[in-house]
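I opened this notebook to keep track of what I looked up, one item at a time.

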Amino acid sequence: MQRRRNPPDKQERRLARRLRRGDPDVVADLYAQYGSASYGVLLRTLRDRDDADDVQQQVFAEVWRRAAQYDPERAGLLTWILTIARSRAIDHLRRRVPEPVSSDEMIRLSGDGDTPPETDLALDRWRAAELLAVLPDHERELLRLRFYEELSQTEIAARLDLPLGTVKARMVRALRKLRAHIDEGEVVS
C-alpha cells in the first residue's frame with residue numbers, strides 16, 4: 001500500500017469523516033469544495049457542457065454510494081473524486097455510437113426515377129440519422145431508445161442507470177432542439 005505524500009488538511013479530514021459516517025449534507029460540501037475541479041476534468045474530456053453536467057451528477061452520486069470505500073491513506077478526497085470523474089467520463093465516451101454519413105449519397109445512388117418503398121424507408125432513416133446527429137450523444141441515445149427500441153422513459157432510466165427526472169428533462173431538451181433545427185431548415189428533408 002502506498003502512503004500519501006501530503007497529509008490531509010483539517011477541512012479534508014472533517015469532510016472524509018462526515019462522508020464515511022453517511023452525513024447527508026456532506027455531498028453539498030464536497031461539491032462546493034471539489035465540484036469545479038471535477039467539472040473541469042469532465043469538460044476537457046467530454047468537450048460538451050450537457051454531457052459534463054450529466055456526468056458530474058453521476059460522479060457525486062457515486063461518491064455518496066461509495067463513501068465506505070474511500071480510504072484517506074491511499075488518496076486525498078480530490079484525487080479520489082477526480083478518479084471517479086475520469087472513469088465516468090471514459091464510460092460515457094465508450095457509449096457513444098458513430099452516426100451514419102450523409103443521406104445525399106444515398107439519394108444520389110437511388111437515381112432520379114421512382115424508388116421502391118424499401119429505398120424510401122432507407123432514405124427516411126438516413127435523414128432521421130442526420131437530424132439526430134445535431135444532438136449531443138446522450139440526448140440522441142435517449143431518442144433512439146424511445147423511438148427505435150420503443151422503450152418507456154422508465155425502462156430507459158433503468159437501462160442507462162439514470163434518474164427518471166434526468167431522462168425526462170433530456171428528452172424534452174432533445175425534442176426542443178430537433179424542433180428548432182427543423183423550423184430553421186438546417187436539415188433538409
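The entries below cover the cores, one loop residue and one helix pair.

I noted beforehand that this is a predicted model, in which local features need pLDDT of at least 70 and side-chain atom pairs count only at pLDDT 80 or more, while totals for chains, interfaces and linings use all residues. Residues are numbered from 1 along each chain as its sequence is written, and side-chain values use heavy atoms, with hydrogens and water left out.

Cores. I looked up the largest nonpolar core (buried Ala, Val, Leu, Ile, Met, Phe, Trp, Tyr and Cys residues joined through side-chain atoms within 4.5 Å; buried is under 20% relative accessible area, exposed over 50%, partly exposed in between, with a 1.4 Å probe and protein chains only). I found 22 residues in it, with Leu19, Leu30, Val59 and Leu77 having the most contacts inside. Two or more residues come from each of α1 (10-21), α2 (26-46), α3 (49-65) and α4 (77-95), helices being DSSP runs of H or I with at least four residues, numbered from the N terminus. A second, separate core has 14 residues, among them Leu132 and Ala174.

Loop. I found Gln69 in the loop between α3 and α4, where Gln69 is exposed at a relative accessible area of 54%. Its C-alpha lies 8.3 Å from that of Arg20, although the two are 49 residues apart in sequence.

Helix pair. I then turned to α8 (residues 153-160) and α9 (residues 164-184), which pack at about 115 degrees with axes 9 Å apart; the axes are lines fitted to C-alpha atoms over the stretch in contact, and angles run from 0 to 180 degrees between N-to-C directions.
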